[in-house]
Amino acid sequence: MALNGKSAVVTGAAMGIGRAITEILLQNGAQVALLDVNKTAGESLMEELNKQYGADRTLFLSCNVESEEQIKAAFQKTAETFGGIDILCNNAGILNESTWEKTVSINLMGVIRGTYLALEHMSKLSGGRGGVIINTASMAGIGPLPTCPVYTATKSGVVGFTRAMATASAASGYGIRINVLCPGFVQTDLMSNITTRLGQFSHLADLAHQLIDKIGIIKVSDVAECLLELVTDDTKNGEALMVFEKGRQYVNFPSFTQ
Ligand SMILES: NC(=O)C1=CN([C@@H]2O[C@H](COP(=O)(O)OP(=O)(O)OC[C@H]3O[C@@H](n4cnc5c(N)ncnc54)[C@H](O)[C@@H]3O)[C@@H](O)[C@H]2O)C=CC1
Ligand SMILES: CCCCC/C=C\C=C\C(=O)C/C=C\C/C=C\CCCC(=O)O
């Protein structure tokens, strides 16, 4: 899919990986609605991007992915402003093992809420143009991160949801491809001051550091380049793409259908 003139929505767009995703979509010609719960950071980023890409290319919408109502309103506003929705990046996420119900609500339920509400705008069965949905999971969703069992569970959930929805979409004729990004450690705010957010597992922080030494830390731009591949390559549906210091790798899952 070529991105020129396409309309995209990115959740958790104000900083970190979401910001890098927003920038790569803009660089490739898309119009982007930035959804984030952090109004100050979101509005200031939109001002910066407006100067760089032109005022008609971005739209900041204050939106908490825990709220169905707020997502619905944000998608409606995006569709009215840009004339539809072609790309959704469900990226917003947190890591907090102490407030674990909130972690589930944002990381897993937020992705499901966003996807289901987007179908109303994107699915060819409900008058949409089809398109692509990319969910941000983590390598933690493939192999466990022992310091963060609930975070790991949400990311495994996002991988499973994406793969099942991708097959459901193809079998139903939605015209939407759905893929999942699985980054390793990425230099963002989520990685800093993490020890308190590991809750009852903070004593295991050394295990995480050993993993970091093993797989390295990458830049947000490395993740954004993988997103671009998953969005633009029309052959990719139901794929999980890992990205870490050694490079990128599609996950080979066992197949039970042959
Ligand atoms: N940084 C890392 O090492 C990795 C991060 N990830 C995932 O990438 C995604 C983005 O994380 P980062 O950029 O690292 O984090 P970050 O903390 O730098 O940025 C997260 C953004 O999401 C927004 N956000 C948080 N809760 C929200 C909510 N309820 N509704 C709307 N927006 C909300 C924040 O305001 C912020 O702008 C997350 O899903 C995270 O789990 C995956 C693998 C590794
Ligand atoms: C192959 C096994 C799983 C590898 C998981 C790799 C990376 C996942 C990263 C994330 O999704 C989230 C980022 C940070 C994780 C949390 C703890 C790191 C602790 C760092 C610290 O204490 O400074």
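**Exercise 1. Find out in which sense β5 and β6 pair, and over how many bridges.**

Start with the two strands: β5 covers residues 131-136, and β6 covers residues 176-183. Their pairing is parallel and runs over six bridges. Keep in mind that this is a predicted model. To line the strands up by eye, take Asn 135 and look across to Val 180 in β6, which stands opposite. Next, trace the link: helix α5, residues 149-172, joins β5 and β6 in a β-α-β unit, and that unit is right-handed.

**Exercise 2. Work out which other strand β6 is joined to by four bridges.**

Now look for the partner: that's β9, residues 240-244, and it runs parallel to β6. For a landmark, pick Leu 181, which sits opposite Leu 241 in β9.

**Exercise 3. Decide whether the two faces of β6 are covered or not.**

Step one is the general pattern: in a regular strand, side chains alternate between the two faces of the sheet. Step two, sort the residues. One side holds Ile 176, Ile 178, Val 180 and Cys 182, while the other has Arg 177, Asn 179, Leu 181 and Pro 183. Step three, check burial, where the cut-off is 20 or more other C-beta atoms within 10 Å. Eight of the eight residues in β6 pass, so both faces are covered, by that cut-off.

**Exercise 4. Name the residues that touch the most other members of the largest nonpolar core.**

The core has 75 residues, and the ones to pick out are Leu 34, Leu 181, Val 223 and Leu 227. Helix α7, residues 220-232, gives the most to this core, with seven residues. Then zoom in on Leu 34: leaving out residues up to four places away in sequence, its contacts include Val 10, Ala 13, Leu 45, Met 46 and Phe 60. As a rule of thumb, nonpolar side chains in soluble globular proteins tend to be buried together.

**Exercise 5. Describe the shells around ligand 1 and ligand 2.**

Take ligand 1 to begin with. It has 28 residues around it, the closest being Gly 12, Gly 16, Gly 93, Thr 188 and Leu 190. By class, that's 14 nonpolar, eleven polar and three charged. Helix α1 gives the most, with three residues; α1 (16-27) and β7 (185-186) each supply at least two.

Ligand 2 has 17 residues around it, and Ser 138, Met 139, Ala 140, Gly 143 and Ala 208 come nearest. Here the classes are twelve nonpolar, five polar and no charged residues. The largest share, three residues, comes from helix α6, residues 205-215.

Technical notes: Residues are numbered from 1 along each chain as its sequence is written. Chains are lettered from A and ligands numbered from 1 in the order in which they are written. This is a predicted model: local features need pLDDT of at least 70, side-chain atom pairs count only at pLDDT 80 or more; totals for chains, interfaces and linings use all residues. A residue is near a molecule or strand if its C-beta atom, placed from the backbone, lies within 6 Å of it. Ala, Val, Leu, Ile, Met, Phe, Trp, Tyr, Cys and Pro count as nonpolar, Asp, Glu, Lys and Arg as charged, and the others, Gly among them, as polar. A residue is buried if 20 or more other C-beta atoms lie within 10 Å of its own, exposed if 12 or fewer, and partly exposed in between; C-beta atoms are placed from the backbone. Two strands pair if DSSP finds at least two bridges between them. A crossover is right-handed if, with the strands pointing away from the viewer, the path from the first strand over the helix to the second runs clockwise. A nonpolar core is a set of buried Ala, Val, Leu, Ile, Met, Phe, Trp, Tyr and Cys residues joined through C-beta atoms within 7 Å. Two residues are in contact if their C-beta atoms, placed from the backbone, lie within 7 Å.
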